[in-house]
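Trainee: I have a model open beside its sequence, and I would like to learn how to read such a structure feature by feature. Could we begin with a residue and work outward from there?

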Amino acid sequence: MHSPEHRDAGFNEPEGPPYSIEHPELFEEVARRRIAAYVIDLLVLGLVWLALSLALGLLTILSFGLLAPANLFILAALPLIYNTGFVGFRGATPGMRIMDIEVVTLTGDRPDYLQAFILIAVFYLSVSLTAWFILLIALFNDRRRMLHDVAAGTMVIRSRLT
């Protein structure tokens with residue numbers, strides 16, 4: 001949940017929904033920032049994946065290969081775990097924090113873990129099935145929401161205005 005200072009900063013319309021399009025500064029450059037945040041998170045995830053795969057590889061060798069299926073599952077699920085954990089706990093991944101954006105619900109609260117899981121699962125499913133073309137949906141709405149944002153009942157906004 002956001003602090004009272006965040007809510008009193010003039011971002012909400014008194015009679016309208018939170019994060020209304022009446023406050024376009026909340027959505028400025030969000031698409032560009034999301035792309036940069038994704039690249040940053042890919043780099044972080046790559047380092048985590050590398051370290052984890054080395055550790056799990058050693059465990060696989062020590063277990064004479066018995067742990068190989070579990071290790072493969074863990075490594076495959078790592079992006080889902082990483083993104084769901086950070087978005088559900090903090091409302092943003094490390095890349096999103098660096099790029100000054102965050103995920104909020106339509107009421108302005110931090111998403112819970114179920115919403116974060118839906119957001120991330122639908123993202124990976126939709127981009128894998130459409131070769132990333134599904135992300136073009138953001139160009140056709142004022143809040144720059146994508147299919148996975150709609151499915152999870154979330155949106156991405158600027159965290160602090162510069």
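Mentor: Let us start with Val 127, which is found in helix α5, and keep in mind throughout that the model is predicted.

Trainee: Is Val 127 buried or exposed?

Mentor: The general idea is to take the relative accessible area and compare it with a cut-off, where under 20% means buried. Val 127 has a relative accessibility of 6%, and therefore counts as buried.

Trainee: Which residues does Val 127 touch, not counting those up to four places away in sequence?

Mentor: Leaving out those sequence neighbours, Val 127 touches Trp 132, Ile 134 and Leu 135. A C-alpha distance can be read alongside such contacts: Val 127 and Leu 147 lie 20 residues apart along the chain, and their C-alpha atoms are separated by 10.0 Å.

Trainee: Where is Trp 132 found, and what is notable about its phi angle?

Mentor: Trp 132 is found in the loop between α5 and α6 (147-152), and its phi is near 75 degrees, a positive value in a residue other than glycine. With a relative accessible area of 42%, Trp 132 is partly exposed. Glu 29 can be read in the same manner, since phi of Glu 29 is near 60 degrees, again a positive value in a residue other than glycine. Glu 29 has its place in the loop between α1 (4-7) and α2, and at 42% relative accessibility it counts as partly exposed.

Trainee: How many helices and strands does the protein have, and in what order do they run?

Mentor: The protein has 6 helices and 2 strands, and from the N terminus on the elements run α-α-α-α-β-α-α-β. Of its 162 residues, 38% are buried. Among the contacts with a separation of 6 or more, 65% are between residues 24 or more positions apart.

Trainee: At what angle do the axes of α3 and α5 cross?

Mentor: When reading a helix pair, take the distance between the axes, then the angle, then the residues that make the contact. The axes of α3 (residues 68-90) and α5 (residues 113-130) come within 8 Å and cross at roughly 140 degrees. The two helices are therefore oblique to each other, and α3 passes α5 in a right-handed crossing. The contact is made by residues including Pro 79, Leu 80 and Phe 89 of α3 and Phe 117, Ile 120 and Tyr 124 of α5. By class, the contact of α3 with α5 has 11 nonpolar, 4 polar and no charged residues.

Trainee: How is α2 oriented relative to α3, and what is the handedness of their crossing?

Mentor: Helices α2 and α3 pack at an angle of about 160 degrees, with their axes 10 Å apart. That angle makes α2 roughly antiparallel to α3, because the cut-off for this description is over 145 degrees. The crossing of α2 and α3 is right-handed. Among the residues that make the contact are Asp 41, Val 44, Trp 49 and Leu 56 of α2, together with Asn 71, Ile 74, Pro 79 and Tyr 82 of α3. By class, the contact of α2 with α3 has 12 nonpolar, 4 polar and 1 charged residues.

Trainee: Which residues does Ile 40 touch, not counting residues up to four places away in sequence?

Mentor: Ile 40, which is found in helix α2 (residues 30-62), touches Gly 95, Ile 98 and Met 99 on that count. Ile 40 and Pro 94 are 54 residues apart in sequence and 7.9 Å apart in space, C-alpha to C-alpha. With a relative accessible area of 22%, Ile 40 is partly exposed.

Trainee: In which sense do the strands β1 and β2 pair, and over how many bridges?

Mentor: Strand β1 (residues 101-105) and β2 pair in the antiparallel sense over 5 bridges. To see the register, note that Val 103 stands opposite Val 156 in β2, and that Glu 102 stands opposite Ile 157 in β2.

Trainee: Which residues point one way from β1, and which the other way?

Mentor: In a regular strand the side chains alternate between the two faces of the sheet. Here Ile 101, Val 103 and Thr 105 point one way from β1, whereas Glu 102 and Val 104 point the other way, and all are buried. As for β2 (residues 154-158), 5 of its 5 residues are buried, so this strand is largely enclosed by the rest of the structure.

Terms used: Residues are numbered from 1 along each chain as its sequence is written. This is a predicted model: local features need pLDDT of at least 70, side-chain atom pairs count only at pLDDT 80 or more; totals for chains, interfaces and linings use all residues. Side-chain values use heavy atoms; hydrogens and water are left out. Axes are lines fitted to C-alpha atoms, for helices over the stretch in contact, and angles run from 0 to 180 degrees between N-to-C directions. Helices (H or I, at least four residues) and strands (E, at least two) are DSSP runs, numbered from the N terminus. Angles under 35 degrees count as roughly parallel, over 145 as roughly antiparallel, 65 to 115 as roughly perpendicular and the rest as oblique. A crossing is left-handed if the near helix is turned anticlockwise from the far one by less than a right angle, and right-handed if clockwise. Contact means heavy atoms within 4.5 Å. Ala, Val, Leu, Ile, Met, Phe, Trp, Tyr, Cys and Pro count as nonpolar, Asp, Glu, Lys and Arg as charged, and the others, Gly among them, as polar. Buried means under 20% relative accessible area, exposed over 50%, partly exposed in between (1.4 Å probe, protein chains only). Two strands pair if DSSP finds at least two bridges between them.
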